[in-house]
2 protein chains.
Amino acid sequence: MAEHNTVLENTLRKLLEDRKYLSAKDVLSTMNPSDIASVLDELGKDELPKLFRLLPKELAADAFVEMDSDRQQLLIQGFSDTELRQVLDELYVDDAVDIVEEMPANVVRRILEQADPEMRKDINQILRYPEDSAGSVMTTEYVSLRSGMSVGEAIEHIRKTGYDKETIYTCYVTDRRKLIGTISVKDLLLAKDDNIEIGELIETHFISVNTHTDQEEVAQIFSRYNLLALPVVDSEGLIVGIITVDDAMDVMEEEATEDMEIMAGVTPSDKTYMKSSALELFRHRIPWLMILMVSATFTGLIITGFESALSRMVVLTAFIPMLMDTGGNSGSQSSVTVIRALSLGEVEYSDVPRVILKEFTTALLCGLVLALICFMKIMLIDRLLMQNPSVTAAVALVVCLTMALTVVVAKVIGCSLPVLAKKLGFDPAVMASPFITTIVDALSLLIYFSMTRAILI
Amino acid sequence: MAEHNTVLENTLRKLLEDRKYLSAKDVLSTMNPSDIASVLDELGKDELPKLFRLLPKELAADAFVEMDSDRQQLLIQGFSDTELRQVLDELYVDDAVDIVEEMPANVVRRILEQADPEMRKDINQILRYPEDSAGSVMTTEYVSLRSGMSVGEAIEHIRKTGYDKETIYTCYVTDRRKLIGTISVKDLLLAKDDNIEIGELIETHFISVNTHTDQEEVAQIFSRYNLLALPVVDSEGLIVGIITVDDAMDVMEEEATEDMEIMAGVTPSDKTYMKSSALELFRHRIPWLMILMVSATFTGLIITGFESALSRMVVLTAFIPMLMDTGGNSGSQSSVTVIRALSLGEVEYSDVPRVILKEFTTALLCGLVLALICFMKIMLIDRLLMQNPSVTAAVALVVCLTMALTVVVAKVIGCSLPVLAKKLGFDPAVMASPFITTIVDALSLLIYFSMTRAILI
């Protein structure tokens with residue numbers, strides 16, 4: 001796993017120092033590209049290119065793809081033109097695009113200069129699609145077949161042209177670039193007769209996405225239909241590329257992380273946690289903290305408006321945190337559940353009435369039970385055990401009614417805001433704990449003070 | 001996507017009513033198993049078996065796997081033994097296990113009776129592995145090759161035995177069931193010569209997991225190494241099954257949903273949101289709400305202990321929500337970020353010192369900036385704009401010092417508790433917003449009142 005394998009790093013460092021290059025090479029060639037990348041990421045500026053040059057060409061390119069972008073940049077800047085070209089030749093187009101996107105302009109220029117003309121064209125094409133679209137994550141290296149081919153011819157074609165394709169397991173049957181069907185290598189290999197025309201075997205009810213389809217939807221499609229690859233077509237149904245399942249998994253992981261970060265009031269970052277400096281973390285966290293802090297002014301104003309009553313009955317203050325927190329927690333439960341259901345495509349705008357009814361019923365149940373427990377808690381712990389005479393049954397009643405009402409309000413708001421946000425084109429994940437808490441805080445206090453006015457004063 | 005395609009459902013319902021079975025069959029055969037399952041899930045008790053019986057055998061089994069378990073049960077109970085056997089014959093073992101796990105005992109008995117002896121043995125074996133382990137999600141249908149085979153023989157072997165394998169694209173080279181290497185169909189097809197022994201081509205540095213490896217780790221391995229399938233071996237290195245990438249994607253999605261639910265104080269559920277009744281939602285939400293509500297007693301006690309001071313300076317009460325919320329938000333940011341990094345295997349116990357240092361520095365920056373902004377906000381809005389004479393510079397100072405200190409404490413606690421929880425064998429996701437908020441609430445009040453005592457009184 002992602003362990004920092006310091007023993008291995010030190011061994012390789014030592015082998016390099018002692019110029020035991022052959023042994024270092026032998027060690028590297030037992031390793032997986034991802035693990036080699038982890039080791040390379042930890043090496044010093046001088047050791048990195050030395051070790052990298054020991055790698056066999058293909059393994060070098062595979063490891064290169066998995067490295068951190070600052071390490072990639074360091075290597076590219078040290079590469080001769082020939083070396084750069086050798087690495088580029090081994091890359092898949094989508095990986096090349098990922099690298100180009102992270103590099104400064106002068107490095108990008110060098111990469112494009114050294115890439116062969118076809119790859120250069122493909123990179124430029126993919127770069128033009130909007131970020132997070134299917135077009136931006138696809139690759140252009142797929143196996144294309146004609147429906148007139150026999151099974152035997154198709155297999156022969158794959159054997160001849162498959163080498164630099166990102167996947168050969170799903171092949172795309174086209175007619176003047178229009179995608180008319182898909183066929184898997186499994187179906188080809190298991191066909192009873194090599195002479196059957198593949199036109200008879202192809203799946204014509206295939207699933208495809210458009211270049212502008214959002215990558216989150218792409219990941220959902222992969223998971224729903226258990227695909228290994230998904231064709232990307234333009235508005236005329238011409239195939240422009242494919243997305244493979246490993247990239248879909250990355251998207252899925254990325255989107256889940258992003259949702260969690262936004263839900264916690266953190267601006268999402270491309271960098272992983274351990275690679276982010278404190279300054280970067282600060283920059284991604286301070287905006288929400290500031291917005292939410294300033295929004296809490298309203299809550300303060302509500303309390304200030306009730307100051308005279310609070311000064312007479314300070315006992316009411318003691319219940320404020322509990323009421324606010326329970327409201328916030330109830331709201332977060334609903335909002336996070338709904339946000340996730342939206343992300344997985346399980347809830348849509350048309351489900352709003354069902355969702356609200358469901359949450360309302362749940363909230364009534366929760367509110368009722370919490371109010372009862374709360375009443376007992378207040379009478380037993382606060383009044384009897386702590387012997388606080390100002391905690392009267394009337395106070396307990398006000399607190400518990402507020403509790404029940406706050407839970408209902410919190411859950412209804414918590415489930416509605418994410419759906420509304422999505423409808424308005426915002427990210428529903430914004431409507432999670434921090435945001436809901438701030439709103440529910442203010443509402444719970446308003447309910448609390450209204451109840452106090454109605455019952456106690 | 002998961003749209004409720006009511007038009008299609010109604011069309012099929014109408015075709016059934018009018019006994020236009022041939023047309024209904026034609027419509028179904030243009031559809032994908034997942035989409036058919038969505039439609040079947042919405043049909044009535046009487047229509048369901050009718051429509052299901054129209055499906056071609058293989059498509060029927062594929063759709064069956066994707067249906068809701070209560071619908072599957074309904075169908076099985078209506079099946080004749082022959083029908084049940086036909087569906088079972090088409091299932092992969094891991095899918096059969098998933099179904100068996102959801103069924104009541106009498107249905108399970110019938111399934112096991114009708115399954116062929118080998119499948120029955122495999123189902124029973126997989127059922128014995130602990131929930132969420134690699135063994136429980138694997139399948140036993142993989143292609144096994146011998147290293148002495150030539151490329152041509154291997155391809156021939158795949159063509160003969162591949163039909164009921166869950167994947168043929170990665171083949172497993174074994175010697176008396178001991179896994180000695182893997183080889184992809186791509187490598188076989190692209191081999192230069194059909195007469196080469198596959199022993200020369202196989203990958204001997206393959207990645208495998210143990211039957212007891214946690215499924216979350218399995219998903220991480222897939223995503224890290226871009227695999228299509230992963231062999232599962234027992235303690236002696238004998239291969240017992242494989243896990244395919246589609247199952248790994250499901251695990252990934254499931255684990256992310258589970259983490260988000262726990263982070264929001266919801267006990268995870270196997271059922272999707274739209275399928276859960278209000279009562280079920282209630283049952284999954286009330287425990288945490290109750291625990292957290294009762295824990296808030298401490299916060300109340302702290303306020304009660306400070307009652308006399310608060311009754312003299314009610315202005316202090318107005319800042320309590322802001323201080324508590326900002327503390328809670330700061331803590332959640334850190335805890336959620338660290339929980340996610342733990343889930344992705346990016347942070348481990350040995351990283352604790354680095355994590356705490358990083359969070360401490362970030363917290364200092366955030367605390368400083370927030371305190372400054374807060375001071376200005378209080379002096380400008382609360383004092384000047386709202387003309388509240390009791391908001392003095394000294395009060396502002398107390399609030400801002402509390403703010404800075406609370407943010408630091410919250411972030412350090414927020415990042416440490418998840419790692420600690422993991423070390424102690426608990427789910428780190430428990431240490432998210434609701435839990436952290438409760439702790440930080442109490443701490444922020446303690447800091448607030450200590451500051452007040454030191455500076456104001």
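Author: Two strands pair if DSSP finds at least two bridges between them. The model discussed here is predicted.

Reader: Over how many bridges do β1(B) and strand β2 of chain B pair?
Author: The pairing of β1(B) with β2 (residues 170-175) of chain B is in the parallel sense. Two bridges are the least that a pair of strands needs. For β1(B) and β2(B), the count is 2 bridges.

Reader: Which residue in β2(B) is the bridge partner of Ser144(B)?
Author: Strand β1 of chain B covers residues 144-145, and β2(B) covers residues 170-175. The bridge partner of Ser144(B) in β2(B) is Tyr172(B).

Reader: Which strands stand at the edges of the sheet β1-β2-β3 in chain B?
Author: This open sheet has 3 strands, in the order β1-β2-β3, and its pairing is mixed. An edge strand here has a single partner, so one of its sides is left without a neighbour in the sheet. In chain B that applies to β1 (144-145) and β3 (178-184).

Reader: In chain A, what is the hand of the β-α-β crossover from β1(A) to β2(A)?
Author: In chain A, β1 (residues 144-145) and β2 (residues 170-175) run parallel and are joined by 2 bridges. Ser144(A) stands opposite Tyr172(A) in β2(A). Between the two strands the chain passes through helix α12 (residues 151-161) of chain A, and the crossover is right-handed.

Reader: Which residue in the hairpin of β2(A) and β3(A) takes a positive phi?
Author: β2(A) and β3 (residues 178-184) of chain A run antiparallel, with 6 bridges joining them. Within this pair, Thr174(A) stands opposite Leu179(A) in β3(A). The hairpin has 2 residues between the strands, and the positive phi, near 45°, belongs to Arg176(A).

Reader: What angle does the direction of helix α15 of chain B make with that of β6(B)?
Author: The sheet concerned is open, with 3 strands in the order β4-β5-β6 of chain B and mixed pairing. β4 (209-210) and β6 (239-244) of chain B are its edge strands. β4(B) pairs with β5 (residues 229-233) of chain B in the parallel sense over 2 bridges, and Val209(B) stands opposite Val232(B) in β5(B). Helix α15 (residues 245-263) of chain B packs on this sheet, touching β5 and β6 of chain B, and its direction makes with that of β6(B) an angle of about 65°.

Reader: How far apart are the centres of domain 2 and domain 3 of chain A?
Author: An automatic or database assignment divides chain A into domain 1 (6-135), domain 2 (144-244) and domain 3 (273-455). Taken over C-alpha atoms, the centres of domain 2 and domain 3 of chain A are separated by 51 Å.

Reader: Which C-alpha of chain B is nearest the axis?
Author: A turn of 180° and a shift of 0.1 Å along the axis lay chain B on chain A with an RMSD of 0.1 Å. That is the relation of a two-fold axis. At 2.5 Å from the axis, the nearest C-alpha in chain B is that of Ser311(B).

Reader: Which helix of chain B gives the most to the side that touches chain A?
Author: The contact involves 101 residues of chain B and 101 residues of chain A. By class, the side of chain B that touches chain A has 53 nonpolar, 30 polar and 18 charged residues. Since 99% of the interface residues of chain B are also interface residues in chain A, the copies meet through the same surface. With 16 residues, spread within 278-305 of chain B, the helix that gives the most is α16.

Definitions and conventions
Residues are numbered from 1 along each chain as its sequence is written. Chains are lettered from A and ligands numbered from 1 in the order in which they are written. This is a predicted model: local features need pLDDT of at least 70, side-chain atom pairs count only at pLDDT 80 or more; totals for chains, interfaces and linings use all residues. Two residues are in contact if their C-beta atoms, placed from the backbone, lie within 7 Å. Helices (H or I, at least four residues) and strands (E, at least two) are DSSP runs, numbered from the N terminus. Ala, Val, Leu, Ile, Met, Phe, Trp, Tyr, Cys and Pro count as nonpolar, Asp, Glu, Lys and Arg as charged, and the others, Gly among them, as polar. A crossover is right-handed if, with the strands pointing away from the viewer, the path from the first strand over the helix to the second runs clockwise. Copies are superposed by least squares on the C-alpha atoms of residues with pLDDT of at least 70 in both. Axes are lines fitted to C-alpha atoms, for helices over the stretch in contact, and angles run from 0 to 180 degrees between N-to-C directions.
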